[in-house]
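Reader: I have a structure to study for my course, and I would like to go through it with you. May I ask questions as they come up?
Author: Certainly. Please have the model on screen while we talk.

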Amino acid sequence: MPQTREARPPTLGRSLAEPTGRPKRRGVTAILAAANEPFRNRVLERLLAAGYEDLEVAPLPTALAELLRESEQPLVVVGGTWPEPQPFLRVAVNAGALPLVLLESSALAAEGEALAMGARAALQSDISVSSLAAALAAVDAGFIVLEPSARALILSANQDRSVDSGGSRTGDGGGSRTGDGGGSRAGAVGRPLTARERQILSLVAGGTSNKGIARALGVSANTVKFHLAAVFDKLNAATRAEAVAEAIRRGELSL
């Protein structure tokens, strides 16, 4: 049985007899961080079934911060009913961890906020054990993960938002909004990414550095910086994480 910082109810311990042939993932520490105890118990059981035996539990953001200081590049599973997970997610992101958010009552806005804050995945809390294991493995490999249904909703929502109040599409020569001080920004945000920009942003989402991107594409580091500057402008993003999250929300990037 795994050792955790918080004692689990005896009934939960008895229900988790180790099945034969369960996958082992001892090389990665997973930290379960959530304030809601019933939620923690449910997710803990799934993590164990997914083969994560090196587990820690953080019932408070301060406990998560302490565990992150002691762990080396852990996976962090944050969850609950939004916005309850926000303090845990903020601690994990600030510590440079890889947070996956499981939402009890998910909505498109909550998923978008979680990604904008730096989450590497935003998924429904009732995700299957096999899907949870796959999502954690993808996050550990440096990818951002969304459920297919969420990607479809995000794409649909952003297609609707691309049409302004006058019935024209922003950034296609049909005019942009003026009078609110943000006309030029609105025009920039409405422009789609080029194929090369999407290619570079996909590598960014995978955690590749500018030099690594330059090597992979056979271009100079300055060329990569030029493309990223254009990406940030089009997506109205200030950081790489914000750019990736916004591109996913628009349907420009799918990982």
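Author: Let us begin with a term: a pocket is an open set of grid points with protein on both sides within 12 Å along at least five of seven lines, and its lining residues have an atom within 4 Å of a point. Please also keep in mind that this is a predicted model.

Reader: Which residues lie nearest the centre of the second largest pocket?
Author: Gly118, Arg120, Val204, Arg240 and Ala241 lie nearest its centre, out of a lining of 20 residues. The space in this pocket is about 330 Å³.

Reader: And which elements give two or more residues to that lining?
Author: They are strand 4 (98–103), helix 9 (195–205) and helix 12 (240–250). Helix 12 supplies the largest share, with four residues.

Reader: How many of the lining residues are nonpolar, polar or charged?
Author: Twelve are nonpolar, six are polar and two are charged.

Reader: You mentioned helix 9 and helix 12. At what angle do they pack?
Author: The angle is about 120 degrees, and the axes are 10 Å apart. The crossing of helix 9 past helix 12 is left-handed.

Reader: Which residues meet there?
Author: From helix 9, Leu201, Val204 and Ala205 meet Arg240, Ala243, Val244 and Ala247 of helix 12. Six residues of this contact are nonpolar, none is polar and one is charged. Val204 and Arg240, which take part here, were also named among the residues nearest the centre of the pocket.

Reader: How do helix 11 and helix 12 cross?
Author: Their axes come within 10 Å and cross at roughly 60 degrees.

Reader: Why are they called oblique?
Author: Angles of 65 to 115 degrees count as roughly perpendicular and those under 35 as roughly parallel. The crossing at roughly 60 degrees falls outside both ranges, so helix 11 and helix 12 are oblique to each other. Helix 11, too, passes helix 12 in a left-handed crossing.

Reader: Which residues make that contact?
Author: Helix 11 contributes Leu228, Val231, Phe232, Lys234 and Leu235, while helix 12 contributes Arg240, Ala243, Glu246, Ala247 and Arg250. By class, six are nonpolar, none is polar and four are charged.

Reader: What is there to notice in the loop between helix 11 and helix 12?
Author: Asn236 lies in that loop. Although Asn236 is not a glycine, its phi is positive, about 55 degrees. Most residues other than glycine have a negative phi.

Reader: On backbone geometry, where is there a cis peptide bond?
Author: The bond from Trp82 to Pro83 is cis, with omega near 15 degrees. Most peptide bonds are trans. Pro83 sits in the loop between strand 3 (75–80) and helix 4 (86–94).

Reader: One last topic. At what angle do helix 2 and helix 6 cross?
Author: The axes of helix 2 (residues 37–49) and helix 6 (residues 129–140) cross at roughly 75 degrees and come within 9 Å. Helix 2 is therefore roughly perpendicular to helix 6.

Reader: And which residues meet in that case?
Author: Arg46, Leu47 and Ala49 of helix 2 meet Val129, Leu132 and Leu136 of helix 6. This contact has five nonpolar residues, no polar ones and one charged.

Methods: Residues are numbered from 1 along each chain as its sequence is written. This is a predicted model: local features need pLDDT of at least 70, side-chain atom pairs count only at pLDDT 80 or more; totals for chains, interfaces and linings use all residues. Side-chain values use heavy atoms; hydrogens and water are left out. On a 1 Å grid over the protein atoms alone, a cavity is a set of points where a 1.4 Å probe fits but cannot get out, and a pocket is an open set with protein on both sides within 12 Å along at least five of seven lines; lining residues have an atom within 4 Å of a point. Grid points are joined across faces, edges and corners, and a volume is the space filled by probe spheres set on the points. Ala, Val, Leu, Ile, Met, Phe, Trp, Tyr, Cys and Pro count as nonpolar, Asp, Glu, Lys and Arg as charged, and the others, Gly among them, as polar. Axes are lines fitted to C-alpha atoms, for helices over the stretch in contact, and angles run from 0 to 180 degrees between N-to-C directions. Angles under 35 degrees count as roughly parallel, over 145 as roughly antiparallel, 65 to 115 as roughly perpendicular and the rest as oblique. Contact means heavy atoms within 4.5 Å. A crossing is left-handed if the near helix is turned anticlockwise from the far one by less than a right angle, and right-handed if clockwise.
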